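Work through the exercises below with the sequence and the structure in view. Try each task before reading its solution.

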Amino acid sequence: MRKIGIREIEDIALGAALLGAGGGGDPYIGKLMAIGAVRECGEVTLLSPEETPDDALIMPIAMMGAPTVLCEKGIGGTEYRRIFEMVERYFGRKVYATMPMEAGGVNSMLPIAAAARLGLPMIDCDGMGRAFPELQMVTFTIGGVSATPMALTDEKGNSVIFETITNQWTEELARSVTMSCGGSVTCSLYVMDGKTMKAYSVHDIVTRSEQLGKAIRNVKNVTDGTPEENFLAFSEGIKLFKGKISDVLRTTNGKFNLGKIQLEGIGDCKGHRGEVTFQNENLCASVDGAILATAPDLICLVDTETFTPITTDGLKYGKRVLVVGLRCYPLWRTPKGIELVGPRYFGIDTDYIPVEDRVKGGAANV
Amino acid sequence: MYKLGIDVGGTNTDAVLIDERLQVIAEVKHPTTGNIFDGIMGAVRALLDQAQVDRSQIRQAMLGTTQCTNAIVERKNLAKIGLLRIGAPATVGVPPMVDWPADIQFICQKSAIIGGGFEYDGKQLAPLDEEAARAFFTELKGKVQSIAISCVFSTVRADHEQRAAQICREVMGEDVHISISNEIGSMGLIERENATILNAALYKVAERFTEGFAYSLAQEGVTQAEIYLSQNDGTLMTMEYAKRYPILTVACGPTNSIRGASYLSRRNNAIIIDVGGTTTDFGVIQAGFPRESGVAVTIGGVRTNFRMPDVYSIGLGGGSIVRQREDGSVTVGPDSVGYEITQKALVFGGDTLTATDIAVRLGMADVGDASKVAHLSEELAVKAMSVIREMVEEGIDVMKVSSDDLDVILVGGGSIILPEKLAGARSVTKPAFFGTANAIGSAISKVSGNYEALVNYDELPREQALERAKREAIEMAVASGAIRETVEIIEVEDIPLAYYPGNTCRVKVKAAGELR
């Protein structure tokens, strides 16, 4: 058990942006929500999964909606409390703690704001260990946990609880209600007990985000080795490519931002060409046509000078980036995990091979 | 008829005089003074001594200044303000100014979030709480003279902000300064609100530099000139407009330098390298306008969403200090002797080895006394120059979006330290008057017209509606003084408003052309 204050929030936001693997959007508005809440209500207690009782009722909290709307409306003052009361009323039990659903963007920050404003502890875990584009793409699905009952509310006071027959329906209904409510809502889904959380969540992810953020902030303070070596060491990252963005092709299918990033090699990758495809998050990285990493492993782009993470909406021609592969949470590498978020689900015609095996002897080992 | 262009920089105040055909007649550099007006008067006096023209023939005077940026960064001369945000029940979970540095928070006397605002499609989010607005302004009456008003989705619909401004005048009187967010920023409430607060806090600074500029000119006998100020997008604003929207001057420095360089070299697509005493800025001109940066811009620790030119800066300039390490390797910068170069550089009789000394030693530049650097070993000078070359070539590469070579234009007083052949550059040009490109950029700035209207595309199809809007914007630019043949459309935006019957959109067009 430890406390999270404003310094920690800054580091968590930075680290979570890296774990967002290109997705999750800019965590800025989320960071303001968390800082505002902690200033007003005090620091937040962070519990490790092991410190949580097996029978505790845990309420994950997240926001859904269009990033542009989120950046105008932020969050109101009553949504946390309303969601909390809806969940308690539905289950007829006290909520013990809250937790994040994903790393990256506003949803790595919102649970900190909720915990501060509700006086609840937050658990050091989430359902992805990164960011993913769809609601059923959580480790809890592997454990057979249903997304519903899903509690959803807007800032005006409208609220609804869904009980659906499949997670597909949850996604569809939640999306249309979100649009009717003005484009952004606060919600809780995958409400579960402590035992299930311990078995199927991604453990210690908040702490990992914080450590990564802190390390990025101090990346230049190295005594031996280069900042790049330092970055790869503390992130346990595998260098896939270093290059300059020579083109970004973007399309949208109404639901997701899809695209392809072309990279021209620089430094020790000079003369080679890299490519990263994305659907909100980065999905597949290849060099000279050979695939070096795919989802669910994390493919992260960072600035070659500052090592700050670059999200897919912040991509810019000419930017120099380091493409880094991070191993995903082990649960994602099980057959069920690969079925849910492996390359074939995203339409990439290849088997999942762990990033550390792909790069061995590959062209990227430069 | 003549145009007078002035750029007040941190080190120098540059002034140029340009004739009707936009030919540069005279240029001067004068040290910037603590009270900037002595510097402006000194520069104008020197310029007129040089040019010997009839002062009454100077009909336009343009000022580019970083006064607002400096005031924000140094937290000086900022006025206390009140902030009213319209948007409850939304947004209250994100308090105003929550991530502002502690040392600038003092500018906000009081803030409140009241009911009101809109949804993304223009539907009302909540009715405007007029009573709360009235109570807020009543409490601040007599305490502050400047008010910032922001509102959720005011970029889609501005009615609540306008109504609140009206109430503010009723309560606080006609003299109160009001800044409303939809006139200042774009999408993103917090960034737009931040810019509006800064704008409100700058009203005294704006009054001082606009009136001071007019006074300085009058003192030097320039009394027949229309006065304009440069803004971020390379267009001009009148003095009255600048007093209301001073924040729109914050990035005019790089914009002016890029546009000035483009004008001097007659190139519309190129990389511009502006070398000063301490830093070198790389910018890109595309189709005549600076390429814009895609990232949020922070001014003095406050995040805003202004469109700023995409500029890459490195610590290299004419005053950069050159050192040789024990292993024989050579470093250049990032520290510099800055404005003290005329005392500290070897060629000026000083004791510090600078990038300028290296250029003189290698015969690339003729400043100061070359005999004072004759003793330097050629090996050292060549090594230092290859470090400089590497830094600049790297910068060119950062700014390029394709592997094709581009034309490069060198400007700024420090550009004498750069070699004339650079990798990645198809050609390297150092135009005449390269030292005062900023002031020239200011003098040739364009004048714009903004048209905005709600249009139902079912009644008037989109193509025709946009055509009409473009024609109107061009007429407005001409009415503001633009030469018709030179007016171009520089911005077109249409936002669908689903809450209106039919297929209604808010259409915004900006046109700009050269001033008569």
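Four exercises follow, each with a worked solution.

This is a predicted model, in which local features need pLDDT of at least 70, side-chain atom pairs count only at pLDDT 80 or more, and totals for chains, interfaces and linings use all residues. Residues are numbered from 1 along each chain as its sequence is written, while chains are lettered from A and ligands numbered from 1 in the order in which they are written.

**Exercise 1. Confidence**

State the mean pLDDT of chain A and examine residues 362-366 of chain A.

Solution. pLDDT is the predictor's confidence in each residue, from 0 to 100. For chain A the mean is 91, and 97% of the residues reach 70 or more. In residues 362-366 of chain A the value is below 50, although this stretch has 14 contacts in the model beyond near neighbours in sequence. Two residues are in contact if their C-beta atoms, placed from the backbone, lie within 7 Å. Where pLDDT is low, the predicted coordinates should not be read in detail.

**Exercise 2. Two chains**

Describe the side of chain A that touches chain B.

Solution. Start with the totals: chain A gives 28 residues to the contact and chain B gives 26 residues. Next, look for helices (DSSP runs of H or I, at least four residues, numbered from the N terminus). Helix 2 (28-41) and helix 3 (67-73) of chain A each supply at least two residues of this side. The largest share, 6 residues, belongs to helix 2 of chain A.

**Exercise 3. Two helices**

Determine how helix 1 of chain A packs against helix 2 of chain A.

Solution. Helix 1 (residues 6-19) of chain A meets helix 2 of chain A at an angle of about 165°, and the axes are 10 Å apart. Axes are lines fitted to C-alpha atoms, for helices over the stretch in contact, and angles run from 0 to 180 degrees between N-to-C directions. The two helices are therefore roughly antiparallel (angles over 145 degrees). On the helix 1 side the contact is made by Ile6(A), Ile9(A) and Ala13(A); helix 2 of chain A brings Lys31(A), Ala34(A), Ile35(A) and Val38(A).

**Exercise 4. A sheet**

Find the edge strands of the sheet with order 4-10-8-9 in chain A.

Solution. This open sheet has 4 strands with antiparallel pairing. Strands are DSSP runs of E, at least two residues, and two of them pair if DSSP finds at least two bridges between them. Strand 4 (62-65) and strand 9 (159-162) of chain A are the edges, as each pairs on one side only. From one strand to the next the twist averages 30°. Strand 4 of chain A pairs with strand 10 (residues 184-188) of chain A over 4 bridges, and Ala62(A) has Cys187(A) as its bridge partner.

Conventions: Angles under 35 degrees count as roughly parallel, over 145 as roughly antiparallel, 65 to 115 as roughly perpendicular and the rest as oblique.
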